[in-house]
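Colleague: Could you take me through this model? I have some questions about its sheets, its helices and the ligand site.

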Amino acid sequence: MTEIRFEHVWKEYGAHIVLEDVDFSLADHEFLVVIGPSGVGKTTLLRMLLAQERPTRGRILLDGQPIAAEPTADRGVVFQRYSVFPHKTVLGNVMMGPQWAGSPLLGRLFGVKRKSLRDDAMALLERVGLAEHADKYPAQLSGGMQQRLAIAQALINKPKVLLLDEPFGALDPGSRRSMHVLVRELWEERAMTIVMVTHDLMEAFHLGTRVVAVDRPRKDLQAPERFGARITSDFCAKPRIVRDSMKFEAARLRAAAEKTLAEQAIPAERATPAASRKD
Ligand SMILES: Nc1ncnc2c1ncn2[C@@H]1O[C@H](COP(=O)(O)OP(=O)(O)OP(=O)(O)O)[C@@H](O)[C@H]1O
């Protein structure tokens, strides 16, 4: 369960009001897409969710609790530009975060812990289609592959919330489409809440279950910094359970029902109607 609540949140840099009175709730396992003009404060919104920035007024709650002051493992992030470490292999990149978290002095785990982390990292690389590239360095990967790696890196800590800041902005249309499929599948499989920023409206409505537009409803041309942006439109883009997952859920329920029936199966001789029994 991951519910996010922005409670009358403001963000100001000195006299510059970036966001004003942003107030909304996000249900568990929502795929929220934030759209809006350049410079309006979309990334600032994400950075506050990540705890890289603090609201100047109001507060942000995660499952009813104010979010931690520091970025924590329950929130993963992927940025537009490849945020992977060039001197680490693909596998090393995925293992790096948990290694530093588990061993702050050495940045390296040993023995069973290392093996378990390596297995998890390889499983994740398999899932994002990079297992066979585990020993390569990021420079040897295409842009789309680097973003797949960044996603694996963000998911290794099993975050409850995944934040995506224009993650496909630098990709060609083909890679973009395959990333859409991957992210949507991961969102369903892992039951995460996703908050994504994009400039691409098609992408927003294709991926999101909810799309919010952020803009400045009041404008002062003499002093553009006088008014901040807030949520000006809020669209329910599509049901949270999409058709494929409904099919999957139906198949799962059917299999469970069949299994239960099989377990409770009445022995054949008892199931035979009394009238037709020979004895
Ligand atoms: N640390 C900071 N100090 C001062 N101003 C900042 C800081 N960070 C962001 N801003 C300002 O906040 C405003 C919103 O920036 P932000 O990056 O959130 O916009 P955005 O909507 O994500 O833009 P884009 O779509 O172009 O990426 C900008 O005017 C920016 O200059």
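Colleague: Which residue stands opposite Val33 in strand 8?

Modeller: In this predicted model, Met196 of strand 8 stands opposite Val33. Strand 3 and strand 8 (residues 193-197) are paired in the parallel sense, over four bridges.

Colleague: And what is the bridge partner of Val33 in strand 9?

Modeller: That partner is Val211. Strand 3 (residues 31-35) and strand 9 (residues 210-215) run parallel and are joined by four bridges. Leu32 also has a bridge partner in strand 9, namely Arg210.

Colleague: Is strand 3 enclosed or open to the outside?

Modeller: Five of the five residues of strand 3 are buried, so the strand is largely enclosed by the rest of the structure. Its two faces are both covered: Phe31, Val33 and Ile35 are buried on one side, Leu32 and Val34 on the other. In a regular strand, side chains alternate between the two faces of the sheet.

Colleague: What is the strand order of the sheet of six strands?

Modeller: The order is 6-7-8-3-9-10, in an open sheet with mixed pairing. Strand 6 (75-78) and strand 10 (230-236) are the edge strands, each pairing on one side only. From one strand to the next, the twist averages 20°.

Colleague: And the sheet of four strands, what is its order?

Modeller: That open sheet has the order 2-1-4-5, with antiparallel pairing. Strand 2 and strand 5 (65-66) are at the edges with a single partner strand each, so one side of each has no neighbour in the sheet. Strand 4 (residues 57-62) pairs with strand 5 in the antiparallel sense over two bridges, and Leu62 stands opposite Gln65 in strand 5.

Colleague: Staying with strand 2, is His16 buried or exposed?

Modeller: His16, which is found in strand 2 (residues 16-26), counts as exposed because it has 12 C-beta neighbours inside 10 Å, and 12 or fewer is the cut-off for that class. The C-alpha atoms of His16 and Ala223 are separated by 9.5 Å, although the two residues are 207 residues apart along the chain.

Colleague: Now the ligand. Which residues are around it?

Modeller: The residues around the ligand are Tyr13, Val18, Gly36, Ser38, Gly39, Val40, Gly41, Lys42, Thr43 and Thr44. Helix 1 (residues 42-49) gives the most to this shell, with three residues. By class, the shell has three nonpolar, six polar and one charged residues.

Colleague: Moving to helix 3, which of its residues are buried?

Modeller: Ala121, Leu124 and Leu125 are buried in helix 3. Seen down the helix axis, the buried residues of helix 3 fall within an arc of 100°, so they line one face. An α-helix has 3.6 residues a turn, so residues three or four places apart point the same way.

Colleague: What does the face turned away from the buried side carry?

Modeller: That face of helix 3 carries the exposed residues Val112, Lys115, Ser116, Asp119 and Ala123. Just after helix 3, Gly129 takes a positive phi of about 85°.

Colleague: How many residues of helix 4 are buried?

Modeller: In helix 4, 12 of the 13 residues are buried, so this helix is largely enclosed by the rest of the structure. Among them are Gln146, Gln147, Arg148 and Gln153.

Colleague: And how far does helix 4 reach from its first C-alpha to its last?

Modeller: Helix 4 (residues 143-155) reaches 18 Å, close to the 18 Å expected at 1.5 Å a residue. For helix 3 (residues 111-127), the end C-alpha atoms are 24 Å apart, which agrees with the 24 Å that its 17 residues should span.

Notes: Residues numbered from 1 in each chain as written. Predicted model: local features only at pLDDT ≥ 70, side-chain atom pairs only at ≥ 80, totals over all residues. Expected span 1.5 Å × (residues − 1). Buried ≥ 20, exposed ≤ 12 C-beta atoms within 10 Å, placed from the backbone. Arc of directions from axis to C-beta. Near = placed C-beta within 6 Å. Nonpolar A, V, L, I, M, F, W, Y, C, P; charged D, E, K, R; others polar. Pairing = 2+ DSSP bridges. Axes fitted to C-alpha atoms, helices over the stretch in contact; angles between N-to-C directions.
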